[in-house]
Every structure is written in C-alpha cells, then in structure tokens.
2 protein chains.
Amino acid sequence: MAHSSKHAESQPETSNRSPSGKDQGTLIIIGGHEDKEGRRDILKEVAQHVQGRGLIIATVASHKPEGYFESYQQGFDGLEVGELTELYVNERPEASDQDRLKVFENAGGIFFSGGDQLRITSQIGATPLEARIQQLFQAGGVVAGTSAGASVMCETMLIKGSSEESYRVGDLQMGPGLGLIRGVIIDQHFAERGRIGRLLGAVAQNPRVLGIGIDEDTAIVVNDRHFKVIGSGAVYVADGAEISFSNSSEARTNEALSLHDVRLHVLSAGEEFDLETRRPSASHLKKA
Amino acid sequence: MAHSSKHAESQPETSNRSPSGKDQGTLIIIGGHEDKEGRRDILKEVAQHVQGRGLIIATVASHKPEGYFESYQQGFDGLEVGELTELYVNERPEASDQDRLKVFENAGGIFFSGGDQLRITSQIGATPLEARIQQLFQAGGVVAGTSAGASVMCETMLIKGSSEESYRVGDLQMGPGLGLIRGVIIDQHFAERGRIGRLLGAVAQNPRVLGIGIDEDTAIVVNDRHFKVIGSGAVYVADGAEISFSNSSEARTNEALSLHDVRLHVLSAGEEFDLETRRPSASHLKKA
C-alpha cells in the first residue's frame, strides 16, 4: 500500500472503475457504533481503501463535535492511513472557504461521523465543499459514514420516524441527501432501535428504492452498484418490487401501515448483494 | 346476544364450524398491552365471542398474579360477558382439582393473561385442566391470550430470545406449547420490543412455520385456519417458503443470521390472512 504524494495522479490501482469506464470510488456505509477498540473490522476496511493517503474526519453532523475526532484518531491508530484531519463546518459560508478545502489535497477518503443528517446537508449542500466530496468519490476515493453519516449517502434520505413501533402513515420525515448512492434508502442502528417499521414505511412510499437497514458495528462496502457486508451484525434488505397491496397513499394519517409481499433478505459478514439485479449472492460463502 | 344457561347446549349459533364439520372455536391472540380503558376493541371482540356466557381469566402465566384479575374485571365492565372467574394454578396438582374445574361449566371462553409461557405449559400440560381447555375450544368456545398467553397457543412456542438485536444463531429458546394453532410461531410486543430478528431466527429453523409478530394492543382472531386483524397496531407475517439461502444450520453459535428471500406482510386492522394458502386477502378493505 504505497503512500503517494502525487495528488492529481494519486488514484489507487483501482478495482473501482465501473464498466462504463467512469472512475468511481467506494462507499462504506456504517450502521453506527462501529468498534474502535477491538477487532476494528470496519475501520480496517476504511483504512484499506484510503491506501495510506489522508483521511478527513467530517464531524459536521454534530452540533457539539468535541471528542469525535479524538475517538477516531484512537480508532485508526496503527492502521495504514495517512494524516487524519478534522473537517467541521460551523456556519454554511465556511463550506466555501478555500483554506478549509485544502484538506482534500492529500485525502484518499472522507469519513462522516454521527449526529444529524440534516445538519450535513443544510451546511454543505451545493457548496464547493460538497463538490470536492463528489470529486474525491469520482476519482476513486472512499466516502464513509456512520449513523447520520450513513443515512446522508442516499438521494432521498430518511431523517426521522418512530422507532420501536410499527409504521403509521405520515410518520416519516425524508429529504434530499448527498446522492452518492442511487435507488436505496439507508437506515441505521437498525435492529438495536427496532426500525423495520419505518424502513418498510419508506419502501411503501416508492418500491423503486430498496430499503437497507444496517445494524450497529456493521457496514456495507459499495462499489459499482454492488455491496458486501462487514462487521458483527446484520444488514436487512427490503425489496418492495413485488408489493401487491399497500395502504400507503389512501390511509389516513396515523393509521397503521399495511403492506403485502415485501421480499426481505438478512445478510451477514461476507455476503454480497447486487443493487441492479436486487439479488444477494451467497455462492462465495464459506460458513461454519 | 342471549345469556344462555343451558350448559351442554350452550354453544353459540356458530360460524366457527370447520369445513370438516368438526366443531372448533375461536382463538384471539393478542400482542400484549391490549387497551382496557379506551376503545377496548380487543376486549369487545372477546366479549362478542363469549356471547354472554362466563369468561375464565387464567392468570397462571404469572408468578405474582395479584391485580391481573381485577384489571380484567374493570376492562370487561359493561361488555356483554357473563361472570368473570379467576383461574390460577399455584402447584401442578391443582390443575387436576375437580372443584377448580367447575369454572368451565358456565364458560364460553378462557383468557390467558401475560407472564411466563413456560409457567402455563409446565403447570397445566397433560392435566385435566388442559383437557377442559381443549374441550372448550373444540366445542366452539373462545381461547384468548395476551403476551405469554399469545405465545403459548402454538405447537412450538417461542420462549426466549434477544430483542433489539439481529438474531444470532443459537440465541433462541423454543418449546412445546398448547398446540391450539398449527404451523405458526407467534411473537408478541413485536414492534415495541424490536423482535423481527428473533422471529426470523425461528422461521429460519423451519420455514414450515409461518412467523407471526403481533404488536401491542393488536390481535389476530383465528377461525378455521383464517385470521383477521383487530386493534391499533400491525401484525407481521414472515413466510419462509421461498427462502433460498440460510446459514441457520451451519453457522457457528452466536454468528449473525443470514437469510435470503423471506416474504413479509404487514397487516393492519380489518385485514385478513389465510394460513393454508399463506396469502393475505385485501379485497374487502375499504381504507381512507
């Protein structure tokens, strides 16, 4: 894993090149509370994709970012990443500050910590900072995010909805995310916060999107419309393509959701999923 | 709704007669915390099936049954049920006590309150008391149960398993239940306690059984292998018939479950489901 200092040509020997020939990076989408002290499977995966270059820790999701950066410094300690740099945006104009954007020059990746996904999008949407993230990603870099940093990856992101109860029509806030991954809705802290209800509520609104629920200390590593699962928990994929009935549009607000014929997959570490065919691939699995 | 005192002939003008001609009653399987003060939709349904005859409140699931009976006395107040009688079994020999069994003479139904499903089966399994419950049911009576009293209805009942985390192989205790409903596993407090993981774990063990998860203040009313949903929450049906991959048998204990192609239905009040065809029927729905 060479530490390259040639910025313009600093792309890795990429296996991330899409069939279209367009360079594209890796997304590492984490369900929150990734292990930072033990096996560190997820942080190791991030480090592997950063390939010795710099890693930006974007704490912008948090209203009180103190301590986040330090915990990642400790978490990545001893792993093969270059310099870690914190990126915070207190006020939106800072996201256009050229000095602040210099952190991208050596960066092989950016890692969004948790907090409030709306804070990320409202502070950096349509700014030079957001453009640099897109450039980094298109150039083969890694964009990682945990918790709020996971939700924000989507075109349409889940913002708020009740946990630990079944979905009630209308009880869901969604909004435009960073759009780094198409056609999916991500939810995080999935099993831990009992969120199958709200994920199904989102899928019911438009079965075009696949619902992906990611447990804590669990992540999907996305390349070219294909992901693999890493970490200690499970990833749930709710596919609504075959839904035969839903009361999503005609029910009164607060009425319980009704939804027939959702296809559900539960995936664990080592498994892969193709977002285009909407199918898991288990052939490579060597379990037990 | 006539108040009949003719015990032997006290069966209702039954619509519960199965196609085989065998008399069979109604199961009302409740996900816990049914409303006892407001709309009381579930208690009203129980009363309707009891048809003015007596209702036995079986508090046997609880190690400390104090207060349960009184709360149901208040809950059923003003509804068209006959006398409410408490049935508790402190020690197993009491379940053979003929005096105690006299409560069945006027009864149109029995209602199991919550607690520990193992306490129900260990105290009454293979006793004259259990035989009377089966007789009551076969004669067209209603057997209702909430929480532990819901789980216990199954042939194989779910006893224990982690909530609010994804299922890990081996993390599930099941055992023989009362066997009043075939081919299903019931779980309760479903959305509220984040139990999709453990229900899928049970279905993965043998997709012959349909997994049915019932929210609080929600119930299924089962007649002749067909149920309808009542109450304020949702009922989840996990159908594993099409499962294409599972690590349930070969994974190591404590490894995260992997399961592909579960069919999931979310049903709300007024919807019906056929346990034989494994299909919901939405045709009758008049929503919005």
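Here is a short briefing on the interface, cavities, one helix and a few individual residues of this two-chain structure. The model is predicted, so please read every value below as computed from it. Chain A and chain B bury about 3,400 Å² between them, and the largest cavity is lined by residues from both chains, including A:F190 and B:F190.

**The interface**

- The size of an interface is often given as the accessible area lost when the parts come together.
- Here that area is about 3,400 Å², with 52% of it on carbon and sulfur atoms.
- On the chain A side, A:H260, A:D261 and A:L264 lose the most area to chain B, and together they make up 15% of what that side buries.
- Chain A brings 44 residues to the contact, and chain B brings 44 residues.

**Cavities**

- Rolling a probe the size of a water molecule over the atoms shows where empty space is left.
- The count comes to four cavities of 30 Å³ or more, and the largest holds about 80 Å³ of space.
- From chain A, the lining of the largest cavity takes A:E165, A:F190, A:A191, A:G194, A:R195, A:I196 and A:G197.
- From chain B, the lining takes B:F190, B:A191, B:G194, B:R195 and B:I196.
- Sorted by class, this lining has six nonpolar, three polar and three charged residues.

**Helix α2 of chain A**

- Helix α2 of chain A spans residues 68-75, and its buried residues are A:F69, A:Y72 and A:G75.
- These buried residues cover an arc of only 120 degrees around the axis, which puts them on the same side of α2(A).
- An α-helix has 3.6 residues a turn, so residues three or four places apart point the same way.
- The cover over the buried residues of α2(A) includes α1 (41-50) and the strands β2 (54-58), β3 (84-87), β4 (107-112) and β5 (142-146), again of chain A.

**Positive phi away from glycine**

- Most residues other than glycine have a negative phi, and most peptide bonds are trans.
- A:D224 is not a glycine, yet it has a positive phi of about 50 degrees.
- You will find A:D224 in the loop between β10 (218-223) and β11 (226-231) of chain A, where its relative accessibility of 28% makes it partly exposed.
- B:D261 is not a glycine either, and its phi is positive at about 70 degrees.
- B:D261 sits in strand β14 (residues 259-268) of chain B and counts as buried, because its relative accessibility is 1%, under the 20% cut-off.

**Two buried glycines in chain B**

- B:G233 lies in the loop between β11 (226-231) and β12 (234-239) of chain B, and at 4% relative accessibility it counts as buried.
- Leaving aside neighbours within four places in sequence, B:G233 touches A:R168 and A:A256 of chain A, along with B:D215, B:E216, B:D217, B:T218, B:L267, B:S268 and B:A269 of chain B.
- B:G233 and B:G170 are 63 residues apart in sequence, and their C-alpha atoms are 29 Å apart in space.
- B:G114 belongs to the loop between β4 (107-112) and α4 (117-124) of chain B, and it is buried, with a relative accessible area of 10%.
- The C-alpha atoms of B:G114 and B:S62 are separated by 6.6 Å, with their positions 52 residues apart along the chain.
- Beyond its neighbours within four places in sequence, B:G114 is in contact with B:A61, B:S62, B:Y68, B:T146, B:S147 and B:A148.

Notes
Residues numbered from 1 in each chain as written. Chains lettered and ligands numbered in written order. Predicted model: local features only at pLDDT ≥ 70, side-chain atom pairs only at ≥ 80, totals over all residues. Heavy atoms only, no water. 1 Å grid on protein atoms, 1.4 Å probe; cavity = no way out; pocket = protein on both sides within 12 Å on 5 of 7 lines; lining within 4 Å. Points joined across faces, edges and corners; volume = space filled by probe spheres on them. Nonpolar A, V, L, I, M, F, W, Y, C, P; charged D, E, K, R; others polar. Buried < 20%, exposed > 50% of the residue type's maximum accessible area, 1.4 Å probe, protein only. Helix = DSSP H or I, 4+ residues; strand = E, 2+ residues; numbered from the N terminus. Arc of directions from axis to C-beta. Contact = heavy atoms within 4.5 Å. Buried area = accessible area lost by both parts, 1.4 Å probe.
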